[in-house]
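Here are my notes for a first reading of this model, set out as numbered points. Please keep the sequence and the structure open beside you while you go through them.

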Amino acid sequence: MVTANAAARLIQHYVDNFRALPWRSPPGVPAPDPYTVWLSEVMLQQTTVATVKPRFERFMARWPTVEALAAAPQEEVLSEWAGLGYYARARNLVACAREVAARGGFPRSAALLRALPGIGAYTSAAIAAIAFGEKRAAVDTNVRRVIARLKGLERPEPAEIESAVLGLMAAQHGGDVVQALMDLGATICRPKQPRCGTCPLQPDCAAFASGDPEAFPARSGRRVRPHRFGTAWWIERDRHVWLVRRPAKGLLGGMAALPGTDWTEAPEPAPTPLGTIRHVFTHFTLDLAIEAREEQTGDGWWQPLNLLNDAGLPTLYRKAAGLALKRRRALAA
Ligand code: SF4
């Protein structure tokens, strides 16, 4: 049983150590705009706070409201998203903004938020709790770890975590509890070497009492990430490079790209590779060979080399272009 005192100490610690982030309102002031909560939560999925901060500010300067984002051409949003990964999210972002703008604002409950494009269980709970104060358990990996330790659960069931979070919310604002747990997991109850000496939950913490807090929750076995191989073509003419747009559906859908082969499970050596880059996606690792070619291929456009940074290339192709340019300079020297 999580005590009311534990919840009160958690919130006091959150208030005293509030992490000012551009998408947050300090505790005690009116809840933040659901647009900023939604945008930040989507950006923060699998990306660090430090990376998201400047990108969030740029995004907000360009599209300060959900209506502004709804009116933006999808290709411009995808370009602005370049480097944040998971481009399906950027496409859903536009679809969701258009739906929200059409209905005159974000719905105020997790159940209705979840029906919007790209908003899953976690994001709907986070927006409902943080922007609207609903008592909803938004459980990310940080929150799961903190609760598993607090309750001493080695293999917690999602329902056990949710009910403990709701227990902490009983006498507190839902959004404050969610953000307090997120902060605690990021700064104190870290995966390794948790700082139990400064933790407000320590008096109630079963993992601390066990003497080995890092043992909770138990680590799951590591998955072996599959490997894929492909070749990208570097086609250069008069200080321009030939770029194409990837098909709308699928990985990096709709993004600017170097043309090239499909990615397969068998290595296919390029005849004259400028080099190979390795890029780790969530579900596989890709070795992409870069091959110089003469003839342009498929529908595309000539991008001036001095404006390559404006092409909206995702990280994979930025790395590939960087390598090709470096090798060419080395060959020319
Ligand atoms: Fe995590 Fe230690 Fe706090 Fe328990 S006492 S919640 S293990 S930091």
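1. Proline 156 is buried, because its relative accessible area is 9% and buried means under 20% relative accessible area, with exposed meaning over 50% and partly exposed in between (1.4 Å probe, protein chains only). This proline lies in the loop between α9 (141–151) and α10 (158–169), where helices (H or I, at least four residues) and strands (E, at least two) are DSSP runs, numbered from the N terminus. Leaving aside neighbours within four places in sequence, proline 156 is in contact with Arg144, Ala148, Ile161 and Pro217, a contact being heavy atoms within 4.5 Å.

2. A word on the origin of these values: this is a predicted model, in which local features need pLDDT of at least 70 and side-chain atom pairs count only at pLDDT 80 or more, while totals for chains, interfaces and linings use all residues. Residues are numbered from 1 along each chain as its sequence is written, and side-chain values use heavy atoms, with hydrogens and water left out.

3. One of the contacts of proline 156 is Pro217, and proline 217 is joined to phenylalanine 216 by a cis peptide bond with an omega of about -15 degrees. Most residues other than glycine have a negative phi, and most peptide bonds are trans. Proline 217 itself lies in the loop between α12 (206–210) and β1 (227–237). The C-alpha atoms of proline 156 and phenylalanine 216 are separated by 9.4 Å, with their positions 60 residues apart along the chain.

4. Two further residues deserve a look for their backbone angles. Aspartate 238, although not a glycine, has a positive phi of about 45 degrees, and arginine 239, also not a glycine, has a positive phi of about 60 degrees. Aspartate 238 lies in the loop between β1 and β2 (240–245), and arginine 239 lies in the loop between β1 and β2 as well. Aspartate 238 counts as exposed because its relative accessibility is 67%, and arginine 239 is exposed with a relative accessible area of 55%.

5. How much of helix α2 (residues 34–44) is buried? In this helix 10 of the 11 residues are buried, so α2 is largely enclosed by the rest of the structure. The buried residues include Pro34, Tyr35, Trp38, Leu39 and Met43, and what covers the buried residues of α2 includes α3 (49–62), α4 (66–70), α5 (74–81), α6 (87–103), α8 (121–132) and α11 (174–187).

6. Both ends of α2 have a detail that is worth checking on the model. At its start, a side-chain oxygen of aspartate 33 reaches to within 2.9 Å of the backbone nitrogen of tyrosine 35, while just after α2, glutamine 46 takes a positive phi of about 70 degrees. Threonine 47 lies in the loop between α2 and α3, and this threonine is buried, with a relative accessible area of 16%. The side chain of threonine 47 reaches the backbone oxygen of methionine 43 at 3.4 Å, and, not counting residues up to four places away in sequence, threonine 47 touches Val52 and Leu84.

7. Trp38, one of the buried residues of α2, is also among the residues with the most contacts inside the largest nonpolar core, together with Trp234, Leu288 and Ile290. This core has 104 residues, and a nonpolar core is a set of buried Ala, Val, Leu, Ile, Met, Phe, Trp, Tyr and Cys residues joined through side-chain atoms within 4.5 Å. The largest share of the core, nine residues, comes from α8.

8. For contrast with the buried threonine 47, consider threonine 187, which is found in helix α11 and counts as partly exposed at 28% relative accessibility. Leaving aside neighbours within four places in sequence, threonine 187 is in contact with Arg19 and Arg195.

9. Finally, the chain as a whole. The secondary structure of the protein chain comes to 13 helices and six strands, and its C-alpha trace spans about 70 × 50 × 35 Å along its principal axes. Buried residues make up 47% of the 333 residues. Among contacts between residues at least 6 apart in sequence, 67% join residues at least 24 apart.

Methods:
A polar contact is a pair of N or O atoms within 3.5 Å; within protein, one must be able to donate a hydrogen and the other to accept it, and residues adjacent in sequence count only if both atoms are side-chain atoms.
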